[in-house]
Amino acid sequence: MTISVAIVGGGPVGLTLAAALAQQGRFEIAVYQRAEDHFRAETYNPDRCYTIDITGHGVRAARFIGITDRFDTGLIHFKGLKIAPHPWHRRLEVGFTEEPYQGKGRTGSRGDICRCLQAHPLERHADSVALRFGAEASIVDRGTHAS
Ligand SMILES: Cc1cc2nc3c(=O)[nH]c(=O)nc-3n(C[C@H](O)[C@H](O)[C@H](O)COP(=O)(O)OP(=O)(O)OC[C@H]3O[C@@H](n4cnc5c(N)ncnc54)[C@H](O)[C@@H]3O)c2cc1C
């Protein structure tokens with residue numbers, strides 16, 4: 001039996017969840033995202049501009065949905081940066097040093113991460129995942145999904 005699922009929010013988490021459910025093979029998923037298609041949105045939103053580090057559980061989630069190759073090409077390698085005062089300066093000046101990190105993390109703008117995550121279900125799970133952009137959900141009805 002196919003189970004119908006509505007996911008409200010097509011950010012990093014909603015898109016990851018859609019891919020994770022789709023690979024189970026028994027869900028029909030609709031993702032409702034009020035903003036526009038990530039491929040049409042600007043890489044950096046001046047009102048909401050930040051990079052996200054994908055380490056630890058984020059890397060495990062990426063492995064789980066099989067997106068690490070796409071992250072390798074679409075994002076940059078994570079390098080931990082430690083903010084530390086330079087001891088050789090009289091005045092307290094702040095410098096950045098690289099913090100040793102043994103894991104295989106990635107860093108990217110939210111937009112770049114979302115574009116990787118949006119391309120993934122479109123290529124692998126187009127039969128079971130529908131991405132609905134410009135769709136703000138206000139009510140989720142068990143029968144008809146969002147309106
Ligand atoms: C400055 C800053 C730095 C950060 N750095 C990191 C970091 O390094 N690592 C990390 O893991 N996290 C970081 N975060 C947290 C980061 O925001 C989240 O990890 C990530 O964006 C969470 O993804 P999400 O999909 O849960 O939420 P969001 O990115 O907020 O996406 C939710 C989406 O749902 C949509 N939405 C909401 N309500 C509705 C509705 N009713 N109908 C339709 N669509 C809806 C929104 O438009 C939005 O696009 C940072 C946050 C900030 C502000």
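Trainee: What is the relative accessible area of R70?
Mentor: This is a predicted model, in which local features need pLDDT of at least 70, side-chain atom pairs count only at pLDDT 80 or more, and totals for chains, interfaces and linings use all residues. Residues are numbered from 1 along each chain as its sequence is written, and side-chain values use heavy atoms, with hydrogens and water left out. Buried means under 20% relative accessible area, exposed means over 50%, and partly exposed lies in between (1.4 Å probe, protein chains only). R70 counts as partly exposed, at 23%.

Trainee: Which residue forms a salt bridge with R70?
Mentor: A salt bridge needs a side-chain nitrogen of Lys or Arg within 4 Å of a carboxyl oxygen of Asp or Glu. For R70, the closest N and O atoms of the pair are 2.8 Å apart. The partner is E123.

Trainee: How many residues apart are R70 and E123?
Mentor: The salt bridge between R70 and E123 links distant parts of the chain. R70 sits in helix 3 (residues 68–74) and E123 in helix 4 (residues 110–124). Helices are DSSP runs of H or I with at least four residues, strands are runs of E with at least two, and both are numbered from the N terminus. The separation of R70 and E123 is 53 residues.

Trainee: Is E123 buried or exposed?
Mentor: Its salt-bridge partner R70 is partly exposed. E123 has a relative accessible area of 61%, so it counts as exposed.

Trainee: Which residue does D112 meet in a salt bridge?
Mentor: The N to O distance in this pair is 3.2 Å. D112 is partly exposed at 26% relative accessibility, whereas its partner is buried at 12%. The two are 3 residues apart in helix 4, about one helical turn. The partner is R115.

Trainee: How many residues apart are E136 and R34?
Mentor: The side chains of E136 and R34 meet in a salt bridge at 3.3 Å, N to O. E136 is in the loop between strand 8 and strand 9 (140–141), and R34 is in the loop between strand 2 and strand 3 (51–54). E136 is exposed at 52%, and R34 is exposed at 60%. The pair is separated by 102 residues.

Trainee: How many salt bridges does the structure hold?
Mentor: Side chains of opposite charge can pair when their charged atoms come close. Among the salt bridges here are D112 with R115 and E136 with R34. The total is 4.

Trainee: In what order do the strands of the parallel sheet stand?
Mentor: Two strands pair if DSSP finds at least two bridges between them. This open sheet has 3 strands. Their order is 1-2-8.

Trainee: Which strands stand at the edges of that sheet?
Mentor: The sheet runs 1-2-8. Each edge strand has a single partner strand, so one side of each is left without a neighbour in the sheet. These are strand 1 (3–8) and strand 8 (129–133).

Trainee: Over how many bridges do strand 1 and strand 2 pair?
Mentor: The pairing is parallel, and strand 2 covers residues 27–33. V5 has I29 as its bridge partner, and I7 has V31. The count is 6 bridges.

Trainee: How many residues of strand 2 are buried?
Mentor: Strand 2 is largely enclosed by the rest of the structure. It has 7 residues, and the buried count is 6.

Trainee: Which residue in strand 7 stands opposite I76?
Mentor: Another open sheet has the order 3-7-4, with antiparallel pairing. Strand 4 (76–77) stands at one of its edges. Strand 4 and strand 7 (residues 106–109) pair over 2 bridges. Opposite I76 stands T107.

Trainee: Which residues come nearest to the ligand?
Mentor: A residue is near the ligand if one of its heavy atoms lies within 4 Å of it. There are 18 residues around the ligand. The nearest are V13, R48, D53, R110 and A137.

Trainee: How far is an N or O atom in the side chain of R110 from an oxygen atom of the ligand?
Mentor: Backbone atoms also approach ligand oxygen atoms: P12 at 3.2 Å and V13 at 2.9 Å. For the side chain of R110, the distance is 2.7 Å.

Trainee: How much of the area that the ligand exposes alone does the protein bury?
Mentor: Areas come from the Shrake-Rupley method with a 1.4 Å probe; for residues, only the protein chains shown count as cover. Taken alone, the ligand exposes 970 Å². The protein buries 59%.

Technical notes: Polar contact = N/O pair within 3.5 Å; in protein donor to acceptor, adjacent residues only side chain to side chain.
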